[in-house]
Structure formats: structure tokens, C-alpha cells
Amino acid sequence: MKPILLIIFAIFLNHCAQDQNKRKNRAEPQTYFLGDPQVLIAGTSKNLNSFVSLDNLLNFEDYSLQGHYDFAPRAIQTGPITSQEELEDRNATDRPTAPQKIPSYQFEAINDETITYSDKTIPEYPQLRFSKVQDEFHLTHINGVAVEPLHYSLSENGEVFSILMSYQSRYGETLKALYFTKNKAISSFRRFTERNFAYLIDRSVAVGWEERLDLSLCGSMSPEERRTFTRSISKWETAPGKISDLDFSLNYQPVAQPFSDVNQTCVQLISGYRLETQEDLAVLGVAIPVINPASGRIVAANSFIFDDAHDKIKARDQFEATITHEIGHVLGLGHEFLRDPDTGRPVHDSIMGYANYPEISDWDRDAIEALYSEETGSFTFVD
Ligand SMILES: [Zn+2]
């Protein structure tokens, strides 16, 4: 069982592989400064009204934790990545997935004022503690560590909710987002039988949005930045307002909810915060798709494009490609890392690889078409 089911995607660039032999003190753990994570939610419109009340506690039984993610001010190097192969291996999306056991969170009363929310079948999953304030229950602790809730969000159909909080980690004041999805009978993932496309959770297992995707450019952007984002994102459209059979729209939300909100799908330009954990790598962007394994669908997503990271590794020419790549993840594509074992060259040109292919390729278009076209007819349902 993987402790974190949320899939985090990043483009890494090994910009100075030729310098690797010059590096010293590789065995010394090093701390890298990432910036203040509060910039990720600066200027957002937070909702501090908890959706958990005495009246509806039972509504939140049998949800499963689909992901949790921390944005910290600093990070400890977790062992150097020294080759392109290692980089791709760490970020691969086509590992065979274990059979899904869907865990289930339950409330338990400690006393009249305090309840816990936990999954006793998976001890490594965090236990949440809520305290009653008037008619609502507010998050106060995770695994006994005090947290401050920053934002609650619940989708209209109740399929997914999130809680954003801050807490003091050993690396400073850290933002943590938790995502839960409602369990139903597990449906089958669609598996394509003819084409070996790279999707989010395994090769050829197609997980996408149900019918439509309303994507927002969130946070303040200059007109030029908006044009750049619009151009990069619209490359996925196969017809105006359509990505294959998926209805698609793009709007601008200068004042959005925090990134964790499940009722918006944001792509944000972030300055003053980066994610790299070693000096010769940069994470240019991140996508956080939340998948409900019960429905086999993406039910929420968010993406960050890190402006400073492009400056750091002088990757300005990759800025638009980064946006297009991350939106590929938001749409349901994984990393296209297949290489020919004899030549070591990528088998498929793809914007979803790390080989600096700068545009959406025919292979990428075919993958999107297969994911969202009802006429493809080339998939079967698997248990
Ligand atoms: Zn990626």
C-alpha cells in the first residue's frame, strides 16, 4: 500500500550533467531553500466554514484518503539523481499498480467536543482530530500535531473534499493539503487493448474527466502571461471548446480559492517558490490530479508553473512547453518515457516525456483522442 496516492508530476531538468564529477561532499545531506509556501495561496479567497457538523457526520463515513501533499519552506536532499534514466525512473507513471484496496475513514467520538477521523486498517494514514466550535467541527490536529485549518472545500455532488492547513514542520511553516473521495462500488478502469499509451496511473489505463473540464488561470497574471498560458493550453484542443469529446473551457480567475479547492481547476504561475531538492535540478511545474478509484475518474486537479525555476536553469525557452506538459497531466496523461532498449532513444515523440520535445505530438493527440473519444471503441473494462 502506497502511503501517498496523490500523484505529483514534475519536469526535472538535469541541466549540468557534465558537471557531475566536479561535485563534492555528495554524502553530506544538504538543505535546499524552496521559498515561503504561503505565496501558493497569497491573494486567494479562503473558506473557513467547516462542512463537518453534528448533523452530517454520517455523510463523511466511508471516504478514502486519496492524497496528501506538503509544501515546505525547505527540503532535505533525498539522495542525488545522477542520470536521466534515474530521473525518469523516479517520475515514471507506468509502474504496474497494486490491486486497489480502498481504505475508509470513520469518525469516532472522544468526548462531546472532540472527534477523530481515521482509517484503522491503514495505520500509516494520518489520524485527524476535530473540535466542536458552535455547530461545526474544525480540524485541530494530525497525528497529534497541532494544525491551523486554512480552507475547507466540498464538491457539489459530495464525491470529493479537501482540507488545507498549515503546521510547523521541522522545515518551517508548512502547507498541507488533504484530499478525500467518496467510496462507492469500485467501477472498472478502462484499459485500452490496442495502443500502449502512457496515462496517469498505469500504461494504457485510461483515467480522465467525466464530461467537461472548466480550467481557470488563477491568480494575478499580466495580459502577456494570460496570452502565453492560453496559447499553451489551447494546443490540446482538437476543436474549439473541445478536447476530443471532452467539453472544455478556459477562464481567468484573478481571485480564486486556494489551490486545494475541489470546485475549481486552476493552473497558477508561481514566483518566489520552487521545489528542487538538489542544486542541478529544477522542478518546472507540478500537476496534482485527484482520482476517485471508485469512479475511475479525475475529480479535481491543480497545477503550478514555477517561474523562478525557469530562470534558475535558464529554461525560458521551455516555459510554454512546461504549461502544455502540466495540462497534459491535468487531462489524464502520464509520462511518456518508453525508450528503445538498443538505441536508448525515445520510442515516441511526446510532450509528456523529458526529451525536450517541445510540441504536442501525433502520439499525444492519439492518446487524448483515445481517452476522450467514445468512438474509439478500442478499450475493454477490466476488474
Ligand atoms: Zn510531468
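This report walks through the fold of one chain, from its overall make-up to a few single residues.

**The chain as a whole**

Keep in mind that you're looking at a predicted model. The chain has 383 residues, and 40% of them are buried. Its secondary structure comes to 5 helices and 21 strands. If you take the contacts between residues at least 6 apart in sequence, 69% of them join residues at least 24 apart.

How confident is the predictor? Mean pLDDT for the chain is 84, with 84% of the residues reaching 70 or more. Among the elements, strand E10 (residues 148-154) has the highest mean pLDDT, at 98, while strand E21 (residues 379-382) has the lowest, at 43. Two stretches deserve a separate mention. Over residues 1-28 the pLDDT stays under 50, and the model has 53 contacts beyond four places in sequence for that stretch. Residues 376-383 also stay under 50, with 19 such contacts in the model.

**A five-stranded sheet**

Let's start with the open sheet that runs E5-E6-E7-E8-E9, where the pairing is antiparallel. Strand E5 (106-109) and strand E9 (145-146) each have a single partner strand, so they stand at the edges with one side left without a neighbour in the sheet.

A hairpin of 4 residues takes the chain from E5 into E6. Those two strands run antiparallel and are joined by 4 bridges. If you want a spot to look at, find Glu108, which stands opposite Thr116 in E6. Moving along the sheet, strand E6 (residues 114-118) is joined to strand E7 (residues 128-133) by 4 bridges, again antiparallel. Here Ile115 is the residue to find, and Phe130 in E7 stands opposite. As a rule, side chains in a regular strand alternate between the two faces of the sheet.

**A four-stranded sheet**

Another open sheet has 4 strands in the order E3-E12-E11-E10, with antiparallel pairing. Its edge strands are strand E3 (63-71) and E10, each of which pairs on one side only. From one strand to the next, the twist averages 15 degrees. E3 pairs with strand E12 (residues 172-182) over 8 bridges, in the antiparallel sense. In that pairing, Ser64 has Thr181 of E12 as its bridge partner.

**Helix H2 and its two faces**

Now for a helix. The 12 residues of helix H2 (residues 223-234) should span 16 Å at 1.5 Å a residue, and the end C-alpha atoms are indeed 16 Å apart, so the two agree.

Which residues of H2 are buried? They are Phe229, Ser232 and Ile233. These cover an arc of only 95 degrees around the axis, which puts them on the same side of H2. That fits the general pattern: an α-helix has 3.6 residues a turn, so residues three or four places apart point the same way. What do the buried residues of H2 pack against? Their partners are strand E15 (212-218), E17, strand E18 (265-270) and H4. On the face turned away from the buried side you'll find the exposed residues Pro223, Glu224, Arg227 and Arg231.

**Three loop residues**

The last stop is a set of loop residues, with their surroundings listed here.

| Residue | Environment | Other C-beta atoms within 10 Å |
|---|---|---|
| Gly334 | buried | 25 C-beta atoms |
| Ser244 | buried | 21 C-beta atoms |
| Lys314 | exposed | 11 C-beta atoms |

Gly334 belongs to the loop between helix H4 (319-331) and helix H5 (362-372). Which residues does Gly334 contact, leaving aside neighbours within four places in sequence? The list is Thr93, Asp94, Ala198, Tyr199, Leu200 and Met352. Take Thr93: Gly334 is 241 residues from Thr93 in sequence, yet their C-alpha atoms are 5.6 Å apart in space.

Ser244 sits in the loop between strand E16 (242-243) and strand E17 (246-253). Its phi is near 55 degrees, a positive value in a residue other than glycine. With 21 other C-beta atoms within 10 Å, Ser244 counts as buried, because the cut-off for that is 20 or more.

Lys314 is in the loop between helix H3 (307-312) and H4. Phi of Lys314 is also positive, near 55 degrees, and this residue too is not a glycine. Lys314, though, is exposed, having 11 other C-beta atoms within 10 Å.

How values were computed. Residues numbered from 1 in each chain as written. Predicted model: local features only at pLDDT ≥ 70, side-chain atom pairs only at ≥ 80, totals over all residues. Pairing = 2+ DSSP bridges. pLDDT = per-residue confidence, 0-100. Contact = placed C-beta atoms within 7 Å. Buried ≥ 20, exposed ≤ 12 C-beta atoms within 10 Å, placed from the backbone. Expected span 1.5 Å × (residues − 1). Arc of directions from axis to C-beta. Axes fitted to C-alpha atoms, helices over the stretch in contact; angles between N-to-C directions.
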